[in-house]
Amino acid sequence: MSAPGFLYVAIASVWLASAAQAARTDVTIGMQLEPPNLDPTGGAAAAIDEIVYANVFEGLTRFGPDGSVLPGLALEWSPKDGGKYYVFALRDNVTFHDGSAFTAEDVVFTLDRARSEDSTNAQKALFENIERVDIIDPTTVEIHLAEPSGVLPFNLAWGDAVMVDEASVDTLATAPVGTGPFRFERWVQGDRVELVRNDDYWGEAVALEKASFRFISEPTAAFSAMMAGDIDAFPNFPAPENIPQFEADPRFSAVVGSTEGETILAMNNAKAPLDDIRVRRAIAHAIDRAAIIDGAMFGFGTPIGTHFAPHHPDYVDLVEASGFDQDAAKALLDEAGVTDLTLSLKLPPPSYARRGGEIIAAQLREIGINTEIENLEWAQWLEQVFKGKDFDLTIVSHTEPLDIGIYARPDYYFQYDDADFQAMMESLATETDAAARSALLVDAQNKIAEDQVNAYLFQLAKTGVAAVGLQGLWENSPTQANDLTGVFWQD
Amino acid sequence: MRRTAAAIGVFLVALLVVMALLSLVWTPYDVTRLAIPDKLQTPGAAHWLGTDHFGRDILSMLMVGARTSISVALIAVGIGLGAGVPLGLLAASGAGGWIDEAVMRFNDLVFAFPALVIAILITAVYGPGAVNAMIAIGIFNVPVFARLTRGAALALWPREFVLAARVAGKGSLRISVEHILPNLSNLLIVQSTIQFSLGILAEAGLSYVGLGAQPPIPSWGRMLAESQTLITLSPHVAIFPGLAIVVSVLGLNLLGDTLRDKLDPRLTHER
Amino acid sequence: MSASVQGCRVDTPLLRVDSLSLSIGEDAILQTLSFQLHAGDTLGIVGESGSGKSMTALAIMQLLPVGAELQGSIAFCGEELVDLDEARMQHIRGADIGMVFQEPMTALNPVHTIAAQVAESIRLHRGLTRDESFTEARATLDRVGLSDIAGDRYPHELSGGQRQRVVIAIAIACRPRLLIADEPTTALDVTTQAGILALLDELQRETGMAMILVSHDLAVVAKTVDKLLVMRDGTILDSGDTEDIFSATASAYTRTLLDASTWSPPSVSRRADHNTVLLQVDGLVAGYPSGRRRLFAPRQIKNAVDNVSFAVHAGENLGLVGESGSGKSTLARCLLGLMPIEAGMVSLNGRTLSLPKRVQSRSQQEWGRAVRRDIQIVFQDPYGSFNPRHRVERLVAEPLHLLDEPMTRSQRRQRVSALLERVGIEPADALGRYVHEFSGGQRQRIALARALIVQPSLIILDEAVSALDVSVRAQVLALLAELAADEGLAYLFVSHDLSVVRNVTDRVLVMRGGCVVESGLTDEVLSQPRSAYTRSLVDAIPTLPVLT
Amino acid sequence: MIFALKRLVALAVTLMVASVLVFFVVEVVPGDPAAYMLGLNAAPDTVSALRSELGLDRTGFARWFEWISGMLVGDFGVSYTYRTEISTMVLDRVVVSLPLAIYALLLAVVIAFPAGVLAASHRRGVGDTAVMGFTQIGVAIPNFWFAMLLVLVFAIHWRWFPSGGFPGWSGGAFDALKALTLPAIALALPQAAILARVLRSSLLDTLGQDYIRTARAKGLSPRATLWKHALRNAMIPVLTIVGLQFSFLLAGAIIIENVFYLPGLGRLIFQAISSRDLVVVESVVMLLVFAVVVVTFVVDLAYAWIDPRLRR
């Protein structure tokens with residue numbers, strides 16, 4: 001136990017002894033979706049990371065609350081040979097929850113496993129560039145890349161790159177074993193996951209002794225659970241319309257921040273008439289972003305004009321380029337010679353999509369485009385839209401950080417196939433110079449806005465609520481996580 | 001009290017039907033037009049029942065939603081009658097035979113399945129929508145009517161007027177149509193009313209979980225689902241669709257009871 | 001503890017009913033009824049349905065339906081029962097006044113044992129322990145002639161007569177001073193009826209209780225009671241000693257009742273042609289499938305008709321007599337092809353009507369129409385034998401389905417009208433109406449018209465007059481006789497009622513347990529029965545004293 | 001005895017047919033469980049690796065056979081998404097759903113009995129009118145809407161009960177029952193209304209029977225007649241309804257489980273359908289069918305217990 005951690009605990013216990021009513025050391029966090037399993041290296045569900053990231057599992061690097069890449073299990077790292085390989089210095093006092101020590105061998109195992117042929121890692125692409133991992137000594141590894149890259153530390157901060165132990169790898173799905181400040185206690189399927197403090201944690205001891213993640217899918221139930229005090233915090237509260245009520249209630253504070261979620265009206269670029277840029281532009285001009293943000297999100301969300309997070313330093317505001325202009329939209333449709341257009345609009349479950357979809361349908365009707373709304377479950381959406389590409393329009397929020405690269409994949413569901421853009425992304429992958437990278441990112445944003453690949457709606461806001469007194473929750477969502485390391489109760 | 005109940009029932013059902021029919025030609029506002037700046041207005045002169053989270057007029061939505069509820073429930077009853085009554089007549093005319101046995105086992109089988117789960121499965125296979133909701137609800141009406149028809153028909157077959165028809169040389173199909181069916185009509189009308197009101201409830205339930213009519217077609221269940229989070233903020237948005245369901249089902253049940261009192265021959269001797 | 005009415009003074013009548021009126025809603029059921037009864041008296045109340053006789057009984061018990069309004073006075077041992085406190089009345093019911101009802105099949109609670117039902121009454125009024133009350137119940141059951149029936153049996157395990165004895169046991173368990181028996185034998189077979197009447201008579205003599213016997217049948221009460229009330233439309237037409245009533249002093253209505261009961265049809269000159277066999281039945285076996293003994297054992301067939309052979313000659317009236325369960329109705333159904341037969345054969349006019357299923361290639365439905373139209377039926381229940389949804393014209397015309405030649409609408413109407421007229425129904429008025437608008441007697445006439453429309457040579461009358469009041473019955477029987485004479489019809493007269501059969505048939509078959517036990521000319525069989533069973537049937541017929 | 005055996009055979013046949021039906025209906029549900037698990041950015045070869053790991057690449061018949069033969073020995077297989085034994089998962093849910101169903105049914109019976117008896121014994125009186133009025137409304141209220149109102153009043157406003165969730169039985173029966181109270185009330189109200197109506201009409205039917213008059217003629221008071229003679233005879237239709245309701249409550253609580261975020265069987269099915277966890281859907285549906293069939297069987301036996309005429 002490190003000194004500051006000890007001190008904190010000591011102070012806390014003194015305070016515990018003196019105060020009649022002690023500060024609480026447990027917390028119940030509400031989540032909308034239950035994860036299918038708890039192995040972040042074997043599934044894509046955001047809900048997995050929202051429980052285990054930084055709490056149970058740690059990677060070599062990690063994201064900070066502002067999205068910056070911070071040291072994790074690696075004390076420090078440095079790119080060598082122009083980014084051809086990296087040297088990572090590991091912490092030496094780290095043990096897994098099962099007692100075994102964390103060493104360079106675990107790094108090799110973890111990264112080899114993620115890259116292997118039968119790997120079920122959902123973000124396999126993050127590791128594609130890794131050629132080999134060399135052990136220099138028990139606390140030093142070298143990661144050699146196929147192509148020089150500046151984004152390795154960023155890639156290794158993802159939840160899919162957390163360090164696992166070979167001994168426990170088969171049971172990660174149901175009994176995760178990591179190096180984090182909390183150890184897994186139990187999972188009452190359908191109800192909650194419980195974590196308890198890891199007293200052997202290498203870093204600063206956390207204030208909480210116990211943390212429960214409760215799964216409440218119904219927004220109403222979430223609201224009543226908060227109101228009834230059954231839940232201490234709901235970091236991603238599913239019903240933005242209730243936020244003002246929480247704000248008005250002295251028992252709660254609302255935490256509104258940003259996420260990495262670019263919410264877009266995705267269009268099937270390979271399907272007529274949406275292969276015609278004029279039709280896509282017409283649709284973009286028909287959309288009144290303000291009405292959507294107001295109507296679907298009750299005012300929460302920032303309009304975007306391209307697929308990029310507004311809080312990113314390289315963001316370009318291109319909202320005006322596809323501003324709300326029904327006349328322009330109609331003119332573009334005439335120009336394209338499109339009449340009597342009926343498009344399918346397939347909507348996944350989140351309320352931004354369902355509500356946004358109804359508003360967009362009404363807005364498109366104004367310029368003479370009819371839509372057939374079909375509400376889908378996620379599984380159906382994945383099957384029909386994402387995999388089958390059987391759709392005209394859909395609304396979805398892309399929540400991976402810095403994911404503009406998806407526009408370089410011609411087989412990606414909206415099927416944007418542009419050689420120039422693909423070239424841009426290729427050079428970005430190998431570019432290590434910061435300024436040059438920024439310039440490339442700006443070009444890329446402009447390019448997909450000009451081509452109007454999709455209609456860019458708004459950046460999803462993180463609308464969280466917490467009981468007054470609960471401190472240290474992340475305000476923004478640079479990655480999907482509920483990092484509880486800094487969370488504590490204050491009177 | 002009985003009279004009052006009958007009057008209330010007739011009035012409520014008439015109200016429901018008039019609202020639905022009127023919505024075909026006129027609603028106070030267009031329900032497909034969103035007016036987000038007008039959202040969540042409380043009931044007043046402009047909007048008698050207020051507006052929802054998209055600024056749509058709730059009264060207009062309820063009127064059009066009545067149409068959805070009625071058509072789904074009506075067709076579901078139709079499916080039940082259309083398939084169940086012939087099955088029941090067939091089973092009864094060959095009572096004890098293999099057809100009868102097969103029909104009864106089929107009934108047992110359908111009854112053994114949890115209805116809502118199967119409805120969800122159906123919509124998972126064929127996609128959500130009003131038509132699939134009708135089918136999902138309708139399927140579970142089939143054994144209800146089949147069983148009712150069989151039971152009542154079995155009681156009629158040994159009756160002397162049926163024997164008289166057999167003495168007159170009529171075949172079982174002809175007897176089923178000429179003699180059995182007309183004498184079941186009251187029973188079927190009463191049961192249809194009950195299934196109709198259950199259909200409205202079921203449609204609301206399915207829409208509530210998102211498996212009923214899809215937007216922009218308004219449906220009461222979905223209105224309830226969408227307004228749930230607003231119930232503390234703007235209670236009227238959640239209360240009116242709920243009341244619409246309660247009032248319609250109440251009306252239909254009262255009407256059903258009245259019809260039963262008037263039509264069901266088993267009860268006539270009692271009063 | 002006994003709550004019975006204490007020492008009723010000798011000069012006080014046990015029951016005194018004084019200007020009793022009863023109305024339910026708008027309907028006046030009873031009008032200023034007055035009569036009285038002394039301890040040990042037996043009183044018969046006789047009337048046709050709707051006369052108010054049962055309501056009178058229920059009024060004494062204070063068990064009238066909800067909404068009934070009672071005026072006047074009913075004094076039991078001087079205590080006024082009208083508007084008596086319900087708690088007090090409960091002490092009188094069962095303890096001082098016992099009651100026996102018409103329908104023994106439903107008068108007992110199916111889920112309690114018979115001993116428990118008798119014991120309940122005893123425990124309620126005599127304050128005995130459970131065990132004592134069961135002992136006492138056993139004794140009561142013995143007294144009503146059920147000594148060989150275990151007390152832990154349930155009602156459905158008993159026959160109708162046995163059940164009625166249980167009901168009587170309940171009624172007399174607390175030794176009431178008055179027993180009211182409301183049509184206690186109407187639902188029973190004649191032989192059983194005789195036993196129950198004898199039991200009531202015996203109990204009355206033994207205990208000296210007073211008894212009111214309510215019946216629609218003068219003959220039933222005549223032998224048992226000392227005094228008689230004849231009721232009609234809620235009023236008393238005649239009252240007095242039984243013998244006086246049967247003498248010439250009675251009212252015109254009572255006389256018609258008497259006449260009807262003893263009515264014999266004008267003896268039609270029989271043209272029965274004993275050389276022409278109309279219907280021939282040979283070795284007929286038929287039955288209902290009963291449950292399997294074991295799970296996979298073949299179904300057992302319970303033979304309801306077992307090897308029956310007989311013939312009906314042209315223009316003959318053949319009686320088929322038997323108690324319920326004798327197989328007579330099953331036989332009738334087999335003759336009509338409504339039931340498959342297991343063995344034997346049936347032929348009509350020399351053409352085969354029915355063969356066992358395994359011999360016949362197709363089901364009985366496939367009979368030739370020409371054969372079928374020769375045999376028709378009139379059922380017992382004038383209410384159930386018509387489709388309530390069809391109008392009279394359609395109902396009567398239904399058997400025309402059997403004719404091969406198509407008929408125009410007007411031809412059909414003409415034919416229906418002619419027949420309605422023939423059976424005494426005004427066609428212009430009747431054609432467009434539904435059957436529920438007609439009385440029981442009228443309906444049987446319509447049923448007869450329906451049977452006649454295809455000009456059959458044989459009509460089966462399945463208890464066709466049993467459900468009718470005596471006066472109506474007489475009219476229908478007269479019509480039947482007339483039709484037989486005019487159309488040369490043969491009748492197969494299926495009945496449980498020997499007195500009717502005696503009067504209208506030429507020959508009679510007596511059935512019991514699916515077999516014919518005796519057959520022969522009606523007069524001979526009934527006057528000199530050869531089998532013991534027929535004798536018991538004949539002896540059980542309630543008879544009226546011969547009028548002077 | 002034969003009666004019971006016959007029912008048992010019919011029961012087994014029903015279950016067998018149901019299993020084939022369930023399996024193949026569920027198998028045609030579109031959507032790939034592997035794709036769902038791996039999410040938006042998964043590469044196709046990753047998905048197929050997972051598919052073979054889950055055994056999804058074998059034929060339908062082979063999987064049905066394995067499933068059904070496993071079920072017979074109590075092995076339900078392993079969930080695709082949760083990767084845990086289905087039998088333990090189902091057991092975890094049953095300890096929520098079964099007590100909830102029983103709780104709701106008990107509430108319904110406790111409410112319905114006095115109400116039905118009161119209404120029947122004071123036919124057309126004030127009590128009858130009131131009870132019938134309430135039942136009319138009870139039948140007409142959608143239970144999820146009623147649940148919302150209950151939460152609003154009792155969980156949010158007065159905070160007497162938790163708004164949902166289930167603390168588990170390990171924390172004591174009191175807390176667990178407290179958590180199940182509002183859901184049980186929401187489920188029980190419409191059922192109580194139905195039950196009260198059935199009981200009333202069945203009692204009225206029974207009270208019109210001849211043997212009631214016999215009992216009254218014995219000197220029994222109307223109340224004693226009702227309790228000793230009418231009630232037991234009126235139980236057959238009531239029992240039928242109770243049986244149906246129990247089956248319904250066990251499976252039909254999906255919506256209510258969602259409103260109160262209870263980890264019950266209904267929500268398990270709902271989640272499993274949306275995540276295409278097909279073996280779970282099949283197993284739970286089969287389990288529910290089994291429960292319905294068993295309840296029907298028990299009700300049939302209970303008929304015989306109530307009515308000696310049915311003891312054959």
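## Backbone exceptions

A residue is called buried under 20% relative accessible area, exposed over 50%, and partly exposed in between. Gln415(A) has a relative accessibility of 22%, and therefore counts as partly exposed. The model in which this residue sits is a predicted one. Gln415(A) has a phi near 55°, a positive value in a residue that is not glycine. Its place is the loop of chain A between strand E16 (393–398) and helix H12 (419–430).

Thr32(C) also has a positive phi without being glycine, here near 35°. Thr32(C) belongs to strand E2 (residues 27–37) of chain C. With a relative accessible area of 55%, Thr32(C) is exposed. A further exception is the cis peptide bond between Ala272(A) and Pro273(A), where omega is about -5°. Pro273(A) lies in the chain A loop between strand E12 (252–267) and helix H7 (277–286). As background, most residues other than glycine have a negative phi, and most peptide bonds are trans.

## Nonpolar cores

The largest nonpolar core contains 263 residues. Leu60(A), Phe88(A), Ile143(A) and Phe237(A) are the residues with the most contacts inside this core. Its largest share comes from helix H13 (residues 278–306) of chain D, which supplies 18 residues. Apart from this core lies another, of 73 residues, including Val319(A), Ala329(A), Phe386(A) and Phe54(B). In soluble globular proteins, nonpolar side chains tend to be buried together.

The surroundings of Phe88(A) can be listed in detail. With neighbours within four places in sequence left aside, Phe88(A) is in contact with Leu60(A), Thr61(A), Ala74(A), Glu76(A), Trp77(A), Thr139(A), Thr140(A), Val141(A), Ile143(A), Leu152(A) and Leu156(A). Among these partners, Leu60(A) and Ile143(A) are themselves listed with Phe88(A) as having the most contacts inside the largest core.

## Contacts between chains

Five pairs of chains touch, and the pair with the most contacts is A and D. Chains A and C do not touch, and their nearest C-alpha atoms are 46 Å apart.

## The two domains of chain C

Chain C is divided into domain 1, residues 15–261, and domain 2, made up of 276–388 + 458–539. The contact between them takes nine residues from domain 1 of chain C and eight residues from domain 2 of chain C. The C-alpha centres of the two domains of chain C lie 35 Å apart.

About 880 Å² is buried between domain 1 and domain 2 of chain C, and carbon and sulfur atoms give 50% of this area. On the domain 1 side, helix H6 (190–207) and helix H9 (252–261) of chain C are the elements that give two or more residues to the part touching domain 2. The rule finds zero salt bridges across this interface of chain C. The count of residue pairs in polar contact between the two domains of chain C, both residues at pLDDT 80 or more, is likewise zero.

## Chain B

Chain B has ten helices and zero strands. Of the 271 residues in chain B, 61% are buried. The C-alpha trace of chain B spans about 75 × 45 × 30 Å along its principal axes.

Among contacts in chain B with a separation of 6 or more, 71% are between residues 24 or more positions apart.

Technical notes:
Residues numbered from 1 in each chain as written. Chains lettered and ligands numbered in written order. Predicted model: local features only at pLDDT ≥ 70, side-chain atom pairs only at ≥ 80, totals over all residues. Heavy atoms only, no water. Core = buried A, V, L, I, M, F, W, Y, C linked by side-chain atoms within 4.5 Å. Buried < 20%, exposed > 50% of the residue type's maximum accessible area, 1.4 Å probe, protein only. Helix = DSSP H or I, 4+ residues; strand = E, 2+ residues; numbered from the N terminus. Contact = heavy atoms within 4.5 Å. Domains from an automatic or database assignment. Buried area = accessible area lost by both parts, 1.4 Å probe. Salt bridge = Lys/Arg side-chain N within 4 Å of Asp/Glu carboxyl O. Polar contact = N/O pair within 3.5 Å; in protein donor to acceptor, adjacent residues only side chain to side chain.
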